[in-house]
Amino acid sequence: MTGVRTQLTLHRLNRFLIRRNVPYRQRRGILRDLRRNVRDAAESTDEHTALRQLGDIEDMADAYCGAADRRRPRTRTAVIAAMWTLAALVALAVVRIPTFGTIDVFDRYTGATTWHIQLWRLGEMGGDTTSQTLLHATVYSYAYLLFPALAFVVAARPWRLLRNRPSGARSGSRMPSS
Amino acid sequence: MQATTGHDSQLLKGVLVLVLLRLLDRRESYGYELVTRVHAAGLTAVAEGSIYPAIARLERDGYLVARMAPTQSGPARKYVRLSPAGRRFMHERTQAWRSLVAVLDPLLADHDSTLPEVTR
């Protein structure tokens, strides 16, 4: 079983890797391998020494950053996000939330029994106490295209491509050619 | 072999990849075993925190092939070995290192000959 100190060190490393935008699957692989290696090291020395021999954890995170393939767009995640968004829109269009409890009016000052919001060309939402409806939404076809597309772009995080420079660790390891 | 404690860490980082490739050319290893082999080779100043990411980087670049091997205790170990591309890369790096040394050696020899004047 991995010790508490090892877990804390791995947790710290994970935090540094998250800050450096290392994708989840790669982080998981890095932590799995490192856990195994620390365990091997601890068997020949002890846990404290094994962790000390790792050196500075933030430096290690920087070094792993060069090893992480962060340049690919996260297409798989983006597709999943788009599908979830589409499902949420379909659910919003289908589901009708009835009133419950003691809702008499939507605005006690005006005594409004209905509410309605038009969301440009994307859809509309509203409610009506006379028909016992708290929320009823209509989603227009534009929204079915726009929101999943937006979710795809956000989840793919294309701005990472702009931020990722060739890492110092990687360029530093290159041998100068004569 | 003489230990490298006190050597420039940047210099060690530069040769680390070549050392790893050479060691893995002899036989496959898992992470910690490779650390002990690097240290046994005399590069004792190289921290494990530099070696593991270097292995990961070589694997990502396709120079190493990994396989998981179950162990008696705990999670499986990842053994890595050189791929054909890794072997080619190792030869390139070896050539690059040798040509660099060929350039530097006369320069350093020149420096050695002027050393008494400098220290005077």
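**Close-ups of a predicted two-chain model**

**View 1. Helices α1(A) and α2(A) pass each other in a right-handed crossing.** This is a predicted model, so read every view below with that in mind. The α1(A) helix covers residues 4-19, and its axis comes within 11 Å of the axis of α2(A), with a crossing angle of roughly 150°. Angles over 145 degrees count as roughly antiparallel, so that label fits α1(A) and α2(A). On the α1(A) side, the contact is made by T6(A), L10(A), L13(A), N14(A) and L17(A). Facing them from α2(A) are R27(A), I30(A), L31(A), L34(A), R35(A) and V38(A). Sorted by class, this contact has 7 nonpolar, 2 polar and 2 charged residues.

**View 2. Helices α5(A) and α6(A) pack with their axes 7 Å apart.** The α5(A) helix takes in residues 75-94, and the packing angle with α6(A) is about 150°. That is why α5(A) counts as roughly antiparallel to α6(A). The crossing here is right-handed. From α5(A), the contact uses T75(A), T77(A), A78(A), A81(A), A82(A), T85(A), L86(A) and L89(A). From α6(A) come A143(A), Y144(A), F147(A), P148(A), A151(A), F152(A), A155(A) and A156(A). Split by class, the residues of this contact are 13 nonpolar and 3 polar, with no charged ones.

**View 3. Zoom in on L150(A), a residue of helix α6(A).** The helix itself spans residues 141-156. Is L150(A) buried or exposed? The answer falls in between: L150(A) has 13 C-beta neighbours inside 10 Å, so L150(A) counts as partly exposed. For scale, a residue needs 20 or more such neighbours to count as buried, and 12 or fewer to count as exposed. Pick T85(A) as a reference point: T85(A) and L150(A) are 65 residues apart in sequence, but the C-alpha to C-alpha distance is 9.2 Å.

**View 4. Strands β2(A) and β3(A) form a hairpin with 3 residues between the strands.** The pairing is antiparallel and runs over 6 bridges, with β3(A) made up of residues 123-128. If you want a single pair to look at, W115(A) has G127(A) in β3(A) as its bridge partner. In this hairpin, W120(A) takes a positive phi near 45°. How many of the 6 residues of β2(A) (114-119) are buried? The count is 0, so β2(A) lies largely in the open.

**View 5. Pull back to the whole of chain A, with its 8 helices and 4 strands.** Along the sequence the pattern reads α-α-α-α-α-β-β-β-β-α-α-α. Of the 178 residues of chain A, 22% are buried. Taking the contacts with a separation of 6 or more, 64% are between residues 24 or more positions apart.

**View 6. The sheet of chain B is open and has 3 strands, in the order β1-β3-β2.** Its pairing is antiparallel. The edge strands are β1(B) (29-30) and β2(B) (64-69), each of which pairs on one side only. Between β2(B) and β3(B) (residues 77-82) there are 6 bridges, and these strands run antiparallel. One bridge to check is that of M68(B), whose partner in β3(B) is K78(B). Helix α3(B), residues 48-60, lies across β2(B) and β3(B) and runs at about 110° to β2(B).

**View 7. Chain B as a whole has 4 helices and 3 strands.** Starting at the N terminus, the elements follow the order α-β-α-α-β-β-α. Buried residues account for 29% of the 120 residues in chain B. In chain B, 55% of the contacts with a separation of 6 or more involve residues 24 or more positions apart.

**View 8. Where chain A meets chain B, the contact takes 29 residues from chain A and 27 residues from chain B.** Which elements of chain A give two or more residues to the side that touches chain B? They are α2(A) (24-44), α4(A) (57-67) and α8(A) (168-172). The largest share, 10 residues, comes from α2(A). By class, this side of chain A has 11 nonpolar, 8 polar and 10 charged residues.

Definitions and conventions:
Residues are numbered from 1 along each chain as its sequence is written. Chains are lettered from A and ligands numbered from 1 in the order in which they are written. This is a predicted model: local features need pLDDT of at least 70, side-chain atom pairs count only at pLDDT 80 or more; totals for chains, interfaces and linings use all residues. Two residues are in contact if their C-beta atoms, placed from the backbone, lie within 7 Å. Ala, Val, Leu, Ile, Met, Phe, Trp, Tyr, Cys and Pro count as nonpolar, Asp, Glu, Lys and Arg as charged, and the others, Gly among them, as polar. Axes are lines fitted to C-alpha atoms, for helices over the stretch in contact, and angles run from 0 to 180 degrees between N-to-C directions. Angles under 35 degrees count as roughly parallel, over 145 as roughly antiparallel, 65 to 115 as roughly perpendicular and the rest as oblique. A crossing is left-handed if the near helix is turned anticlockwise from the far one by less than a right angle, and right-handed if clockwise. Two strands pair if DSSP finds at least two bridges between them.
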